[in-house]
Amino acid sequence: MSLPYRQIHLDFHTSEHIPDVGQDFNPKRFARTLLDANVNSVTLFSKCHHGWCYYPTQHGTPHPHLQRPDLLGEMVEACNKVGIATPIYLTIQWDELMARQNPDWKVVSKNTGTNQPVPTWSPVSLANEGLVKHICDLGREIVERYDPPSIFADILIDWEDVSSGALQRMLNHGLNPELREDRVKNDRGIVLEFYKAFAEATKTLSSNLRLFFNSGHIYKNERERYQYFDHLEIESLPTGGWGYDHFPLSARYAPALDKDFLGMTGKFHNWWGDFGGFKQAAALEYECCLMASLGARCSIGDQLHPSGELDTNTYQSIAPAYKRISQLEPYLEEAKQISPIALYSSEGHFSRGPKNADDPHDTGISRMLLETQLTFDVIDEHCDFGAYKLIILPDRITFEEGKLLEKFKAYLKKGGKLLLSGTSGMNKKADRFLLPFPATVEGPSQYEQEYLRVDQTLDSRMPTSPFIAYTHAQQVRSSEAAGLANIHEPYFNRRPEHFCSHQQTPYQLEAAKNRKGILATDNIVYFAHPIGEEYRKFGQPLIKYAFASAIKRLIGDPVVQTNLPSTGRVTLAHQAEHNRFVLHLLYAQPQARGDIINGAHGPTTIEIIEDIAPFPDLEAKVALPKAPSKVYSAYDQRPIDTHYEDGQLVCKLPKLHIHEAIVIEL
């Protein structure tokens with residue numbers, strides 16, 4: 001069975017302090033509510049974070065107040081009768097009951113500890129053979145009882161665990177628990193061993209069973225993590241701390257792993273378990289269309305009330321989004337993204353050490369590409385570099401002599417182009433270029449902040465006066481590369497004993513001698529500042545304009561050009577079997593609302609979409625080798641106003657509301 005496009009991820013983390021669990025469940029009403037919302041798959045719960053099971057289990061403990069002994073089975077039967085697929089959810093490392101019954105199984109780390117001072121679940125350690133056996137027994141039991149199409153195994157995280165079981169494993173493998181890198185390495189080893197054990201326990205019973213192990217992030221350049229995965233689910237609730245630009249960064253990497261994948265948002269106002277928190281229906285439409293445009297199936301998170309009754313209002317808000325997706329499905333199957341640009345992932349480059357999943361260097365570059373509607377993939381060292389006209393190395397991609405460096409050199413020799421920033425392209429000490437770029441490196445500037453005067457021949461939007469760059473530049477000189485931006489140094493670094501004005505020290509009127517902020521050859525453009533981090537932290541549009549213009553200098557006009565503003569999103573996909581392209585155009589205006597909340601990834605503002613005003617008089621140009629035979633909307637097959645000239649298909653829409661998919665048949 002192929003991965004469905006319109007899924008619900010139905011949480012049911014229900015405390016033992018809640019009475020009458022499942023008493024109002026009605027099988028027919030449950031299935032009808034899902035069908036009316038255009039749902040064709042729902043992930044149902046077998047065991048929740050509180051540790052309770054919702055079926056007659058021989059290996060776990062049923063919820064003490066469960067009113068229907070096989071609530072899970074009744075849900076599976078009701079859904080299967082009407083053709084709705086039923087993947088099954090199983091919690092792994094958040095298990096409050098197991099932690100209470102086996103306190104020595106608790107994860108111990110500086111982040112979580114063995115005591116829970118706040119109302120949340122205790123993580124348990126997979127370094128304990130007893131826990132692994134318990135979970136494998138549950139997995140086998142679920143497969144034998146319900147024969148699900150897939151299992152969603154949740155909460156498999158790098159805890160930096162130093163519990164007794166984890167310490168023993170570190171001792172056995174010669175790892176030092178005092179080193180963070182070794183603690184992370186041990187965590188990952190434990191998780192990989194669990195993947196193998198669980199797959200062997202369940203897949204021997206069902207060869208068609210799909211497995212997904214959720215860590216809350218799709219880690220880049222860690223392919224060993226995914227050998228037991230049959231598909232991916234990208235958890236990315238934009239209003240709950242992920243933000244609206246998180247999903248595209250993961251979705252543009254997922255195809256590199258050659259697996260089908262789901263995007264996962266939520267119906268919640270913020271994030272998981274937001275009872276009574278409703279997202280606007282238009283926002284769900286936008287989020288699902290964004291997923292579809294990037295090649296993902298869709299999953300919307302909900303949490304069932306303890307009574308067992310689905311919330312009608314929730315599914316009324318989901319229905320319009322899934323109606324759109326049902327109309328789009330014929331134009332999504334086997335559609336491959338057209339991406340002449342690749343972002344070589346900074347996260348992936350440093351994948352073997354501890355890291356934050358939100359890598360500011362990747363995120364900043366991704367945002368600039370998204371906001372300028374440049375289509376791109378995210379890649380790692382295992383990908384085919386030759387598939388791209390341009391590869392971007394953000395901020396800190398340093399090298400040592402070896403295969404990876406030689407792979408990049410070979411790419412350049414075959415006509416590839418590179419965009420570098422910060423210390424990218426240099427050796428580990430960042431004191432010379434290892435990539436063939438004709439410049440001398442003299443280390444970080446003595447000034448913490450400097451000013452750029454960008455040549456207007458690069459971009460006419462540049463001011464004629466210098467503008468501030470907030471991050472620390474490298475001192476790089478070249479007599480061979482073209483200088484595209486002067487650096488103006490401040491009079492001094494700002495210190496208590498000498499400062500000027502509110503923030504920056506003013507710039508000196510004369511440009512720094514022999515220093516440039518941007519250098520270019522025919523196949524490489526180099527920015528002396530870490531522009532990914534710069535844009536992620538400060539969002540200065542002038543940096544984005546210089547970045548986009550540097551890309552145009554290297555590879556010419558983009559494949560798709562539109563008059564959308566920076567909040568517009570564009571993708572182009574190709575369905576080879578049908579000899580057609582599908583151009584996805586999206587427009588919405590995310591806004592930060594409210595105060596700081598504790599989101600899924602720490603303190604954050606809530607980023608929401610409330611109102612989506614139509615964008616009028618949209619024009620999009622697509623580079624095509626010949627005039628198309630037919631151009632129409634994927635939604636209703638209405639013809640699109642177009643003309644073809646000079647290798648460009650020009651499409652015009654009187655307005656764009658949320659999303660349009662333009663089908664271009666050759």
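**A tour from Gln474 to the open sheet**

Begin by selecting Gln474, which lies in strand 17, residues 474–477. The model on display is a predicted one. With a relative accessibility of 9%, Gln474 falls under the 20% limit and is therefore classed as buried.

Next, display the residues around this side chain and backbone. Apart from neighbours within four places in sequence, Gln474 has contacts with Gly422, Thr423, Met426 and Ala430. Its further contacts are Val441, Gly443, Pro444, Ser445, Arg515, Tyr526 and Ala528.

Now move to the open sheet. Eight strands make up this sheet, in the order 5-4-3-2-1-8-7-6, and their pairing is parallel. Select residues 210–214 (strand 5) and 232–235 (strand 6) to see its edges; each of these strands pairs on one side only. From one strand to the next, the twist averages 25°.

Within the sheet, select residues 261–266 and 297–303, which are strand 7 and strand 8. These two strands run parallel and are joined over 5 bridges. To inspect one position, pick Gly263, whose bridge partner in strand 8 is Cys298.

Then add the helices that pack on the sheet. Select helix 2, residues 71–81: this helix touches strand 2 (41–47) and strand 3 (88–91). The direction of helix 2 makes an angle of about 165° with that of strand 2.

Finally, select helix 4, residues 129–146, which also packs on the sheet. Helix 4 is in contact with strand 2, strand 3 and strand 4 (150–154). For helix 4, the angle of about 165° is made with the direction of strand 3.

Note on methods. Residues are numbered from 1 along each chain as its sequence is written. This is a predicted model: local features need pLDDT of at least 70, side-chain atom pairs count only at pLDDT 80 or more; totals for chains, interfaces and linings use all residues. Side-chain values use heavy atoms; hydrogens and water are left out. Two strands pair if DSSP finds at least two bridges between them. Helices (H or I, at least four residues) and strands (E, at least two) are DSSP runs, numbered from the N terminus. Axes are lines fitted to C-alpha atoms, for helices over the stretch in contact, and angles run from 0 to 180 degrees between N-to-C directions. Contact means heavy atoms within 4.5 Å. Buried means under 20% relative accessible area, exposed over 50%, partly exposed in between (1.4 Å probe, protein chains only).
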